[in-house]
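Here is a protein to get to know. Look it over, then work through the questions below.

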Amino acid sequence: MVSKELLEILRCPNCVREKEGLLTLHKDSWLICQDCGRKYPIVDDIPVMLIEEGDKWLSTAQESLPVPPPAK
Ligand SMILES: [Zn+2]
């Protein structure tokens, strides 16, 4: 599990400069940006907050995201 405290301070790296970039936790495995729809996997309890990683899943529907996310 990722701690609540960590989740509260995490923001989408693509959006945080211009907007809030708030993230929604999906099945304890993904963080989904409410502004741009990028999806960041949580691998081994560590959120992978890389824009290029979020880009990969941009067009994947929330219901289609693999759980758990693929390991690197
Ligand atoms: Zn975003």
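A nonpolar core is a set of buried Ala, Val, Leu, Ile, Met, Phe, Trp, Tyr and Cys residues joined through C-beta atoms within 7 Å. The model shown is predicted.

Q: Which residues make up the largest nonpolar core, and which element gives the largest share of this core?
A: The largest nonpolar core has seven residues: Cys-12, Leu-23, Trp-30, Leu-31, Cys-33, Tyr-40 and Ile-42. Two elements, β2 and β3, each give two or more of them. The largest share is three residues, and the element behind it is β2.

Q: What pattern does the protein follow along the sequence?
A: The protein has two helices and four strands. Read from start to end, the pattern is α-β-β-β-β-α.

Q: What is the order of the strands in the sheet, and which strands stand at the edges?
A: The sheet is open, has four strands and pairs them antiparallel. Its order is β1-β2-β3-β4. Two strands have a single partner strand each, so one side of each is left without a neighbour in the sheet. Those edge strands are β1 and β4.

Q: How many bridges join β1 to β2?
A: Strand β1 covers residues 23–26 and β2 covers residues 30–33. The two run antiparallel. One bridge pairs Thr-24 with Ile-32 in β2. The number of bridges joining the strands is four.

Q: Which residue in the turn between β1 and β2 has a positive phi?
A: These strands form a hairpin, with three residues between them. One residue in the turn has a phi of about 50 degrees, and that residue is Lys-27.

Q: What are the bridge partners of Ile-32 and Leu-31 in β3?
A: Strand β3 spans residues 39–43 and runs antiparallel to β2, with three bridges joining the pair. Ile-32 has Lys-39 as its partner in β3. For Leu-31, the partner in β3 is Tyr-40.

Q: Which residue in the turn of the β2 and β3 hairpin has a positive phi?
A: Five residues lie between β2 and β3. In that turn, a phi of about 80 degrees belongs to Gly-37.

Q: Which residues is Ile-42 in contact with, leaving aside its neighbours within four places in sequence?
A: Ile-42 is part of the largest nonpolar core. Its contacts beyond those neighbours are Val-2, Asp-28, Ser-29, Trp-30, Leu-31, Pro-47 and Pro-69.

Q: What radius of gyration does the protein have?
A: The C-alpha trace spans about 30 × 30 × 20 Å along its principal axes. With 72 residues, a compact globule would have a radius of gyration near 11 Å. The protein agrees with this, at 11 Å.

Technical notes:
Residues numbered from 1 in each chain as written. Predicted model: local features only at pLDDT ≥ 70, side-chain atom pairs only at ≥ 80, totals over all residues. Pairing = 2+ DSSP bridges. Buried ≥ 20, exposed ≤ 12 C-beta atoms within 10 Å, placed from the backbone. Contact = placed C-beta atoms within 7 Å. Rg over C-alpha atoms; globule rule 2.2 N^0.38 Å.
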